[in-house]
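Work through the two exercises below with the model open. The first concerns packing, the second enclosed space.

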Amino acid sequence: MKNVGIAFTFPEDGMVPPGYKLIPCHKVFDVKTDLTRKARLVAGGHKTDPPKESTYSSVVSRDSVWIAFLIAALNGLDVLMGDVQNAYLNAPTKEKTYTIAGLEFGTDKVGLPVLITRALYGLKSSATRGRDHISVTIRDMGFKSCLADPDVWLRANTKPDGFQYYEYVLVYIDDILVISHDPHKVMDALKKQYTIKPDSIKPPDVYLGAEIRCYTIPDTNNPEN
């Protein structure tokens, strides 16, 4: 509950506002591909009515990732990845739902109604709300969404030697990929808005389930290169 607590708000008067629907919450336990364990509190979104607006949420395509790596290699750019902690929970939700607090909220809160005010995992619109939130953040940093892939963001930049190029931010839900001559500067700007797991900020070794390696092909015509 330490990380997910921000998704809930207890009404000051203990009363549920009109129009809110009672839904259950449950815990999901999982083992990731690297054998690390994960537990998550999930809302019972299957109990809510389908939203009238679209809940589709896109992610960066693997083709775009491959092309971005190629651009980085051709332009001598560095690549940095980062994992946003509880990405959805940064965004407010438009769904009006509440649940009844259990022991996970503390013994003094058991049985009280608690409103779900953030895009908690399990709600039908959470993916859309999470993507909208991070899109606004990246756009405010001066990046523009690519017409070919809306989850590829680009911004004109210049290297210290005067070389002009585009730097990129690629987003796959909570996995961020930054391509720039100074990717740490971009990542630091994102860290002002989000909690990015410190041990995840590094050159990519695994991204979207694929192992990533950087190789240098020697120039046979110039042994010094």
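The exercises treat this predicted model in two parts, cores and cavity.

**Exercise 1. Nonpolar cores**

Task: find which residues touch the most other members of the largest nonpolar core, and which elements supply at least two residues each.

Solution:
1. Count the members: the largest nonpolar core has 18 residues.
2. Rank them by the number of other members they touch; I138, V169 and I176 come out with the most.
3. Assign members to elements. At least two residues each come from α2 (126-140), β10 (164-172), β11 (175-180) and α3 (183-191). Of the elements, α3 gives the most to this core, with 3 residues.
4. Take I138 and leave out residues up to four places away in sequence. With contact set at heavy atoms within 4.5 Å, I138 touches F143, W153, V169, V171 and L190.
5. Check for a further core: another one, of 16 residues, lies apart from the largest, and its members include V65, M81, Y168 and I179.

**Exercise 2. The cavity**

Task: determine how many cavities of 30 Å³ or more the whole structure holds, and what lines the largest cavity.

Solution:
1. Search the whole structure with the 30 Å³ cut-off; the search finds 1 cavity.
2. Compute the volume of the largest cavity, which is about 130 Å³.
3. List the lining: there are 15 residues, and Y88, G130, R131, I134 and I173 lie nearest the centre of the cavity.
4. Sort the lining by class, giving 8 nonpolar, 5 polar and 2 charged residues.
5. Sort the lining by element: α2 gives the most, with 5 residues.

How values were computed
Residues are numbered from 1 along each chain as its sequence is written. This is a predicted model: local features need pLDDT of at least 70, side-chain atom pairs count only at pLDDT 80 or more; totals for chains, interfaces and linings use all residues. Side-chain values use heavy atoms; hydrogens and water are left out. A nonpolar core is a set of buried Ala, Val, Leu, Ile, Met, Phe, Trp, Tyr and Cys residues joined through side-chain atoms within 4.5 Å. Buried means under 20% relative accessible area, exposed over 50%, partly exposed in between (1.4 Å probe, protein chains only). Helices (H or I, at least four residues) and strands (E, at least two) are DSSP runs, numbered from the N terminus. On a 1 Å grid over the protein atoms alone, a cavity is a set of points where a 1.4 Å probe fits but cannot get out, and a pocket is an open set with protein on both sides within 12 Å along at least five of seven lines; lining residues have an atom within 4 Å of a point. Grid points are joined across faces, edges and corners, and a volume is the space filled by probe spheres set on the points. Ala, Val, Leu, Ile, Met, Phe, Trp, Tyr, Cys and Pro count as nonpolar, Asp, Glu, Lys and Arg as charged, and the others, Gly among them, as polar.
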